[in-house]
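Trainee: I am new to this structure and would like to go through it slowly, one question at a time. Could you show it to me before we begin?

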Amino acid sequence: MNKIKVARKAHYFCVIATKKILKGEIILKLQGNASSFPDKYSIQTGEKEHLFPFSENPQDESSAFRFINHSCSPNSYFDVPNKSLIALKDIDINEEVFFHYCSTEYEMASPFQCLCGTADCLIEIKGFRYLSAEKKKELSNQLAPHLKKLEHRK
Ligand SMILES: [Zn+2]
């Protein structure tokens with residue numbers, strides 16, 4: 001995998017494309033150590049499973065997912081069963097890669113105010129369970145299967 005790299009913006013890290021990526025392409029394979037509890041940088045991969053990067057080193061590609069920022073109108077999503085980050089649209093070289101945190105996280109360990117500035121911005125990002133029925137439906141093309149299971153359990 002060499003389609004992305006971790007880069008530094010003013011005060012934070014981000015992930016950018018190092019080449020043009022076409023819609024539907026695998027951008028990154030997701031790997032890490034599983035835990036029962038989330039933190040700010042983990043990604044939810046099951047009803048009670050959260051993945052942590054092997055290392056904190058931004059140069060280490062297996063840790064890259066930890067640095068992908070949220071957007072309410074993202075250009076990628078995690079295909080959790082196949083442990084892959086997939087392009088939702090064409091992504092240009094040097095363009096930042098985003099995913100929608102509410103497409104994997106049921107209840108976020110660290111909710112935050114979104115500044116993505118897109119027309120669809122939800123402002124408060126707290127996790128899938130807090131979305132309106134309409135927003136939940138809008139995310140259906142990028143939703144991790146465990147969210148549907150957790151939703152039915154409510
Ligand atoms: Zn937003």
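Mentor: Let us begin with a term that we shall need: contact means that heavy atoms lie within 4.5 Å. Please keep in mind throughout that this is a predicted model.

Trainee: Which strand is included in what covers the buried residues of α2?

Mentor: Helix α2 runs over residues 145-153, and His 146, Leu 147 and Leu 150 are buried in it. These residues cover an arc of only 100° around the axis, which puts them on the same side of α2. In general, an α-helix has 3.6 residues a turn, so residues three or four places apart point the same way. What covers the buried residues of α2 includes the strand at residues 43-46, namely β5.

Trainee: Which residues coordinate the zinc ion, and through which atom?

Mentor: The spacing of the donor residues in sequence is C-x41-C-x1-C-x4-C, and the coordination distances are 2.3 to 2.4 Å. The zinc ion is held through the SG atoms of Cys 72, Cys 114, Cys 116 and Cys 121.

Trainee: What is the geometry of the site of the zinc ion?

Mentor: Four donors count as tetrahedral if all angles lie between 85 and 135 degrees. The angles among the 4 donor atoms of the zinc ion are 105 to 111°, and the ideal value for four tetrahedral donors is 109.5 degrees. The site is therefore classed, by that range of angles, as tetrahedral.

Trainee: Is Cys 116 buried, partly exposed or exposed?

Mentor: Buried means under 20% relative accessible area and exposed means over 50%, with partly exposed in between. Cys 72, at 8%, is buried, and Cys 121, at 18%, is buried as well. Cys 116 has a relative accessibility of 25%, so this residue counts as partly exposed.

Trainee: Where is His 100 found, and which of the zinc donors does His 100 touch?

Mentor: His 100 is found in the loop between β10 (98-99) and β11 (112-113), and at 4% relative accessibility His 100 counts as buried. Not counting residues up to four places away in sequence, the residues that His 100 touches include His 70, Ser 71, Leu 122 and Gln 142. Also among them is a residue that coordinates the zinc ion, Cys 72.

Trainee: What is the phi of Asn 94?

Mentor: Asn 94 is found in the loop between β9 (84-87) and β10, where, at 55% relative accessibility, Asn 94 counts as exposed. Although Asn 94 is not a glycine, its phi is positive, at about 70°.

How values were computed: Residues numbered from 1 in each chain as written. Predicted model: local features only at pLDDT ≥ 70, side-chain atom pairs only at ≥ 80, totals over all residues. Heavy atoms only, no water. Donors = N, O, S within 2.8 Å, 3.2 Å for Na, K, Ca; no water. Tetrahedral: all angles 85-135°; square planar, octahedral: opposite > 155°, others 65-115°. Buried < 20%, exposed > 50% of the residue type's maximum accessible area, 1.4 Å probe, protein only. Helix = DSSP H or I, 4+ residues; strand = E, 2+ residues; numbered from the N terminus. Arc of directions from axis to C-beta.
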